[in-house]
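Here is a set of short exercises, each with a worked solution. Keep the model open beside you and try each task before you read on.

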Amino acid sequence: MVKTCCVYKSNNQFNASTKEKGISFFRFPKDKRKRRTWIKAVNRDEWTPNDHSWICSEHFVQGWHGDDPEDENYAPTLFSYKQTVVNKEREQRVQCDLDPLIEENNKLREEINSLREELKRHKWSVDRIKDDDASTRFYTGLPSFAVFLWLYNFLASKASRMTFWMGEVNTSTTDKMRTATSTLPLIDQLFAVLMQRMQ
Ligand SMILES: [Zn+2]
């Protein structure tokens with residue numbers, strides 16, 4: 001009689017192919033407890049193994065079985081047909097969760113953007129060179145913070161008329177307003193411009 005694995009959808013038979021793959025076939029154990037555990041694991045309807053019942057080594061974690069009930073190798077635990085069901089459930093769950101994930105992702109992206117804005121503000125903040133001539137020289141190339149302030153005051157009077165120049169046709173009222181409501185305070189804008197010039 002051909003040795004055939006009794007596990008649902010296993011279809012492994014003792015032949016040249018399974019031999020080459022190193023698959024072994026085990027009889028059901030004589031030990032009552034172990035035998036019961038195996039039968040339960042195989043989980044076939046109204047079925048009890050007989051002398052011609054075999055199970056292949058593919059269902060055992062280490063490809064062999066041991067006698068320690070605490071060991072993962074005590075009974076068969078790997079069943080490919082169960083695996084498929086689990087995977088399908090997982091796929092469905094992932095699909096259901098996709099929308100909240102995208103939402104979460106967008107939320108995080110927004111947060112990162114606002115943090116980045118804040119960092120930019122901080123980076124360009126005039127506080128970095130305030131009352132510090134060495135830093136002023138380092139970041140702006142101007143000799144002292146007093147000179148920076150003088151330059152600021154000089155330009156501030158002219159800045160109210162400043163616009164983003166995008167060509168005569170394209171420079172709109174909105175652009176002029178944007179200059180006035182820029183995210184950076186004017187003094188920080190000046191610092192930013194001077195700093196960029198240094199880089
Ligand atoms: Zn099998």
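The exercises below go from the whole chain to single residues.

This is a predicted model, in which local features need pLDDT of at least 70 and side-chain atom pairs count only at pLDDT 80 or more, while totals for chains, interfaces and linings use all residues. Residues are numbered from 1 along each chain as its sequence is written.

**Exercise 1. The overall layout**

Task: find how many helices and strands there are in the protein, and in which order the elements run.

Solution. Start with the secondary structure, where helices (H or I, at least four residues) and strands (E, at least two) are DSSP runs numbered from the N terminus. The count is 7 helices and 2 strands. Read from the N terminus, their order is α-β-α-β-α-α-α-α-α.

Next, look at burial: a residue is buried if 20 or more other C-beta atoms lie within 10 Å of its own, exposed if 12 or fewer, and partly exposed in between, with C-beta atoms placed from the backbone. By this rule 14% of the 199 residues count as buried.

Last, turn to contacts, meaning pairs whose C-beta atoms, placed from the backbone, lie within 7 Å. Among contacts with a separation of 6 or more, 49% join residues 24 or more positions apart.

**Exercise 2. The nonpolar cores**

Task: work out which residues form the largest nonpolar core, and which element gives the most to this core.

Solution. A nonpolar core is a set of buried Ala, Val, Leu, Ile, Met, Phe, Trp, Tyr and Cys residues joined through C-beta atoms within 7 Å. The largest one has 10 residues: C5, C6, V7, W38, V42, W54, I55, C56, Y74 and A75. At least two of these residues come from each of α2 (32-42) and β2 (54-56). The element that gives the most is β2, with 3 residues.

Now take I55 from that strand. Beyond residues up to four places away in sequence, I55 touches C5, C6, V7, F26, V42 and P76. Apart from this core lies another, of 6 residues, including V126, I129, L190 and F191.

**Exercise 3. Two residues with positive phi**

Task: decide whether N43 and E46 are buried or exposed, and say where they are found.

Solution. As background, most residues other than glycine have a negative phi. N43 has a positive phi near 55°, and E46 has one near 40°. N43 sits in the loop between α2 and β2, and the place of E46 is in the loop between α2 and β2 too. N43 is exposed, with 12 other C-beta atoms within 10 Å. E46 is exposed as well, with 4 such atoms.

**Exercise 4. Helix α4 and what follows**

Task: find which residues of α4 are buried, and on which side of the helix they are.

Solution. α4 covers residues 133-140, and its buried residues are T136, Y139 and T140. They lie on the same side of α4, because they cover an arc of only 80° around the axis; the arc is that of the directions from the helix axis to the C-beta atoms. Just after α4, G141 takes a positive phi of about 80°.

Then compare with the record: UniProt, in an unreviewed entry, places a "transmembrane region" at residues 138-156. Its positions are in the numbering used here, feature names are shortened, and annotations may be inferred rather than shown by experiment. In the model, this stretch is 79% helix and 0% strand, with its end C-alpha atoms 23 Å apart.

**Exercise 5. Helix α7**

Task: check whether the span of α7 agrees or disagrees with its 13 residues, then sort its buried and exposed residues.

Solution. The expected span is 1.5 Å times one less than the number of residues. For the 13 residues of α7 that gives 18 Å, and the end C-alpha atoms are 19 Å apart, which agrees. D188, L190 and F191 are buried; these fall within an arc of 155° seen down the axis, so they line one face of the helix. V193, Q196 and R197 are exposed on the other side of α7.

Finish with L194, a residue of α7 (residues 186-198). L194 is partly exposed, with 18 other C-beta atoms within 10 Å. Leaving aside neighbours within four places in sequence, L194 is in contact with T140, G141 and L142. L194 and F148 are 46 residues apart in sequence, while their C-alpha atoms are 9.7 Å apart.

Conventions
Contact = placed C-beta atoms within 7 Å.
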